[in-house]
Amino acid sequence: MDKATEIFLQNKYKINQETHERKELLEAKPLTLGVIFTNWCNLRCIMCPSERYANTCTLPPSFLSKIQELFPYLERIDWQGGEFFHLGYMKEIFLSLQHFPHIQNVITSNGLLLDKEWVKLLFDLKVKIDFSIDSPRKDIYEYIRRGADFNQLLKCLDLLADLEHKHNKSLYRDMNVVVMKSNYHLLIECVEFARKYGFRNIAFNQVSGIEHGENISYDNDKDIRESINLQARLIDNMFADSGVGIIWNLPGMCDSQAKQPICGNNQEAYLLCDLPWKGMYICAQRQGDIFPDCWCRHPAGNIFRDSLLEVWNGTNMREYRQRLSKSDFNLCNPACRNRLNFPKSWSY
């Protein structure tokens with residue numbers, strides 16, 4: 001066993017032990033890290049709130065060293081955005097990741113800025129890319145993802161397939177679909193598209209962040225519900241042996257690895273949340289604040305003034321651990337506390 005793997009495994013064992021013991025002050029280092037390095041995006045999707053782009057913030061390259069300090073201990077990094085593929089200096093940090101093969105890098109992207117150089121770089125890492133593609137039809141795709149070019153998307157996916165064949169390597173990729181009124185009738189076509197372009201899984205997700213007519217969860221339309229019901233049954237039959245996994249993150253059919261539901265303010269229930277013991281989340285969109293996870297609302301620190309290890313055992317992070325150990329959820333986001341309890345009428 002090499003030294004890097006030994007350090008990682010020892011830390012993982014220690015953090016699992018300290019999580020089980022619900023310790024407040026940890027000897028172990030973070031196991032996971034989430035990063036929104038920039039909230040800049042090349043698109044203006046209809047389901048993204050406009051305030052997301054009101055104050056574009058990108059962390060400068062000087063912050064790379066703060067993140068790299070954790071690499072020996074991390075099991076997973078979630079790279080979210082915004083789109084960071086246009087940032088030249090991000091290639092530096094991904095090159096440095098080659099020394100840490102134990103890190104699973106999960107990237108969320110629309111894929112339109114992915115080029116040959118990036119693909120070759122990602123081939124040498126443990127990577128999964130979640131492509132955000134909401135329609136297999138050009139007109140609806142470009143309506144939902146304002147500023148996108150469907151033909152460019154196909155070129156990127158064809159480039160990826162060509163490079164995989166040429167280098168005899170594969171890039172693990174999933175496809176995310178935000179289901180709304182514009183595309184709910186295209187779920188079967190979406191799965192066919194996912195199979196054609198080599199996606200391992202396709203996730204159908206609930207729209208959030210908007211209250212206008214595209215949000216199908218507000219008016220609970222019977223025809224929409226029945227259409228999704230029918231398509232779901234057909235998909236189960238048509239694609240059972242396709243090699244594409246189907247993940248339903250829609251009201252009434254949530255397949256995600258959610259925590260145990262908590263109803264209202266039931267303080268006797270136990271929220272199975274270990275996020276403050278596992279990792280941290282840095283958000284450029286929220287002025288560089290650091291949280292246990294992206295759902296959390298109360299900052300534990302800030303990347304502009306704090307080191308990550310200072311935040312890890314700082315006062316605010318310890319308070320998260322202390323409260324959760326006592327089943328006190330007052331610091332928690334109500335959406336986590338209630339686990340997004342969807343209307344019972346949304347049953348499939």
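**View 1. Gln287 sits in the loop between strand 11 (279-283) and strand 12 (289-291).** This is a predicted model, and here we zoom in on one residue of that loop. Gln287 has a phi near 60°, a positive value in a residue other than glycine. Why does that catch the eye? Because most residues other than glycine have a negative phi. Is Gln287 buried or exposed? At 53% relative accessibility, Gln287 counts as exposed.

**View 2. Asn168 has a positive phi too, near 55°.** You'll find Asn168 in the loop between helix 6 and strand 7 (172-179). Like Gln287 in the view before, Asn168 is a residue other than glycine. With a relative accessible area of 72%, Asn168 is exposed.

**View 3. Gly81 and Gly82 are joined by a cis peptide bond.** Take a look at omega here: the angle is about 5°. Most peptide bonds are trans. Where does Gly82 lie? Gly82 belongs to the loop between strand 3 and helix 3.

**View 4. Strand 3 pairs with strand 1 and with strand 4.** Strand 1 (residues 32-36) runs parallel to strand 3 (residues 76-80), and five bridges link the two. To pick out one of these bridges, start at Ile36 and look across to Gln80 in strand 3. Now turn to strand 4 (residues 104-109), which is parallel to strand 3 and joined to it by four bridges. Here Ile77 has Asn105 of strand 4 as its bridge partner. Add helix 3 to the picture, and strand 3, helix 3 and strand 4 make up a right-handed β-α-β unit.

**View 5. Helix 3 and helix 4 are linked by a salt bridge between Lys91 and Glu117.** The two side chains meet at 3.0 Å, N to O. Lys91 comes from helix 3 (residues 90-96) and Glu117 from helix 4 (residues 116-123), so this pair ties together parts that are 26 residues apart in sequence. Lys91 has 18% relative accessibility and counts as buried. In total, the structure holds 16 salt bridges.

**View 6. Helix 4 has several buried residues.** Which residues of helix 4 are buried? They are Trp118, Val119, Leu121, Leu122 and Phe123. What covers them includes helix 3, strand 4, strand 5 (127-132) and helix 6 (150-167).

**View 7. Within helix 5, Glu142 forms a salt bridge with Lys138.** Their closest N and O atoms are 2.7 Å apart. Glu142 and Lys138 are four residues apart in helix 5 (residues 138-144), so about one helical turn separates them. Both ends of this bridge are partly exposed: Glu142 has a relative accessible area of 24%, and Lys138 has 37%.

**View 8. Arg305 and Asp306 meet in a salt bridge of their own.** The distance between their side chains is 3.5 Å, N to O. Asp306 counts as buried at 16% relative accessibility, whereas Arg305 counts as exposed at 62%. Elsewhere, Lys128, Asp130 and Asp174 are joined into one network by salt bridges that share partners.

**View 9. Leu230, Leu234 and Met238 form a nonpolar patch on the surface.** Together, these three residues have about 260 Å² of accessible area. Met238 lies in helix 9 (residues 222-238). At 43% relative accessibility, Met238 counts as partly exposed.

Note on methods:
Residues are numbered from 1 along each chain as its sequence is written. This is a predicted model: local features need pLDDT of at least 70, side-chain atom pairs count only at pLDDT 80 or more; totals for chains, interfaces and linings use all residues. Side-chain values use heavy atoms; hydrogens and water are left out. A salt bridge is a side-chain nitrogen of Lys or Arg within 4 Å of a carboxyl oxygen of Asp or Glu. Buried means under 20% relative accessible area, exposed over 50%, partly exposed in between (1.4 Å probe, protein chains only). Two strands pair if DSSP finds at least two bridges between them. A crossover is right-handed if, with the strands pointing away from the viewer, the path from the first strand over the helix to the second runs clockwise. Contact means heavy atoms within 4.5 Å. Patches are made of residues with over 30% relative accessible area and no salt bridge: like charges are joined within 9 Å, nonpolar side chains (Val, Leu, Ile, Met, Phe, Trp, Tyr) within 5 Å. Accessible areas come from the Shrake-Rupley method with a 1.4 Å probe; for residues, only the protein chains shown count as cover.
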